[in-house]
Amino acid sequence: MSHRPSSGLAAVSSALLAMNRQMEVRDVLKTIVASARELLDAEYAALGVPDDHGGFAQFVVDGVTDEQWRAIGPLPRQHGILAAMLHKAEPERLADVRKDPRFEGWPAAHPEMSDFIGLPVRDGDEILAALFLANKRCPKESGSCGFTAQDEELLTLLAQHAAIALTNARLYERSRELTIAEERSRLAHELHDAVSQKLFSLRLTAQAAAALVDRDPARAKGELQQVAALAAEAADELRAAVVELRPAALDEDGLVHTLRTQIQVLDRAHSARVTFESAGVRALPAAQEEALLRVAQEALHNALRHSGAGLVTVALTRSGQGARLTVADDGRGFDPTTVRSAGRHLGLVSMRDRAGGVGGTLTVTSAPGRGTTIEMEVPGG
């Protein structure tokens, strides 16, 4: 492939447009990797976002099939060439990465790579990620052609704009999290201001009615009527709050579509693979559908944030007149009795309360090193 300046700049322009169309961090990472591989006409490309523990919080590849990636095994650590790209401020080109003294080998299922180029994706002095490409596609007269200075120039330009796109995506996600937190706070204040005051008035009125029962039954009757009115108002306030808390997508799209959409977003946003399957589920009472959704969300949060899982599977299937939800991960697992005694419930109490509140059951199966499976059944209606 010939990289004339005009064609190279046009390719960079297309890549920048593609990156800036994405708002989710995971989508931006995938677009950066795919754009870099296409721009330099390489067989393989990868981008690693470091964590604070010597590994990668996210690692996105392009040019490797899903089957190959699963066969390769766990995410790489920050060592050798990978570490160099996370701690050096300049690009590096190698004619054969295998001959570099920092090269430490790779897993048996890893594809063979020779010529290599890597550079950090930086925001000022902060290194956000490291971008790697290998095996340039071109006529190999002497076994390898390698990446050129012009390739390095184009990749550096791409990385500069990739940093901007990645920073914007992170700010977008953070803004969305803050919006959700603000909405929860607003609802909490509304519940406190409206419902709590109604309940306080109801309590005082009931006490007054009790004091009047013997000496002024007529006035007591009036107070009790006021109690009934206040109780009805409080019930209306609670009902309005519950309706507002119920996800709009659940009413508009149904449980199956809502779950599938949310899981697709999680699959893109996390390094773990998240899958969903559904079979034969009929419409359920609204309270049961919301309980299933909330339990699924809590279980997914635990699996993706705490378990270290590489694969999380979600299944929603018909069970008699009702439905069964199963969320399983291959993470580190835990001892449920130890978690309970330590006071760290990981949302288990909330999930059991939600299941019991709609006449359902919740089962948690887990053990250290053996992953976790959460099953919830509801009876239907």
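## Exercises on strands, sheet and pocket

In strand S9 (residues 361-366) the side chains alternate: Leu-362, Val-364 and Ser-366 are directed to one face and are buried, whereas Thr-361, Thr-363 and Thr-365 are directed to the other and are not. Buried denotes under 20% relative accessible area, exposed over 50%, and partly exposed the range in between (1.4 Å probe, protein chains only). Strands (E, at least two residues) and helices (H or I, at least four) are DSSP runs numbered from the N terminus.

The model is predicted: local features need pLDDT of at least 70, side-chain atom pairs count only at pLDDT 80 or more, and totals for chains, interfaces and linings use all residues. Residues are numbered from 1 along each chain as its sequence is written, and side-chain values use heavy atoms, with hydrogens and water left out.

**Exercise 1.** Describe the pairing of S9 with S10.

*Solution.* Step one: S9 pairs with strand S10 (residues 372-378) in the antiparallel sense, over 6 bridges; two strands pair if DSSP finds at least two bridges between them. Step two: Thr-365 has Thr-373 of S10 as its bridge partner. Step three: the hairpin has 5 residues between the strands, and Gly-369 takes a positive phi near 80°.

**Exercise 2.** Establish the strand order of the open sheet formed by 5 strands, and identify its edges.

*Solution.* Strands of a sheet pair through backbone hydrogen bonds, in either a parallel or an antiparallel sense. Step one: the order is S2-S1-S5-S4-S3, with antiparallel pairing. Step two: strand S2 (56-62) and strand S3 (92-94) stand at the edges; each has a single partner strand, so one side of each lacks a neighbour in the sheet. Step three: the twist averages 15° from one strand to the next. Angles run from 0 to 180 degrees between N-to-C directions, and axes are lines fitted to C-alpha atoms, for helices over the stretch in contact.

**Exercise 3.** Trace the partners of S1.

*Solution.* Step one: strand S1 (residues 42-50) pairs with strand S5 (residues 126-136) in the antiparallel sense over 6 bridges, and Leu-47 stands opposite Leu-131 in S5. Step two: S1 also pairs with S2, again antiparallel over 6 bridges, where Gly-48 has Phe-59 as its bridge partner. Step three: S1 and S2 form a hairpin with 5 residues between them, and Gly-54 in the turn has a positive phi of about 85°.

**Exercise 4.** Which strands does helix H4 (residues 80-87) lie across?

*Solution.* Helix H4 lies across S1, S2, S3, S4 and S5, and runs at about 135° to S5.

**Exercise 5.** Characterise the environment of Ala-57 in strand S2.

*Solution.* Step one: Ala-57 is partly exposed, with a relative accessible area of 41%. Step two: apart from neighbours within four places in sequence, Ala-57 is in contact (heavy atoms within 4.5 Å) with Val-49, Pro-50, Asp-51 and Ser-271. Step three: Ala-57 and Ser-271 are 214 residues apart in sequence, yet 7.7 Å apart in space, C-alpha to C-alpha.

**Exercise 6.** Place the protein chain as a whole in figures.

*Solution.* Step one: the chain has 10 helices and 10 strands. Step two: 40% of its 381 residues count as buried. Step three: of the contacts between residues at least 6 apart in sequence, 62% join residues at least 24 apart.
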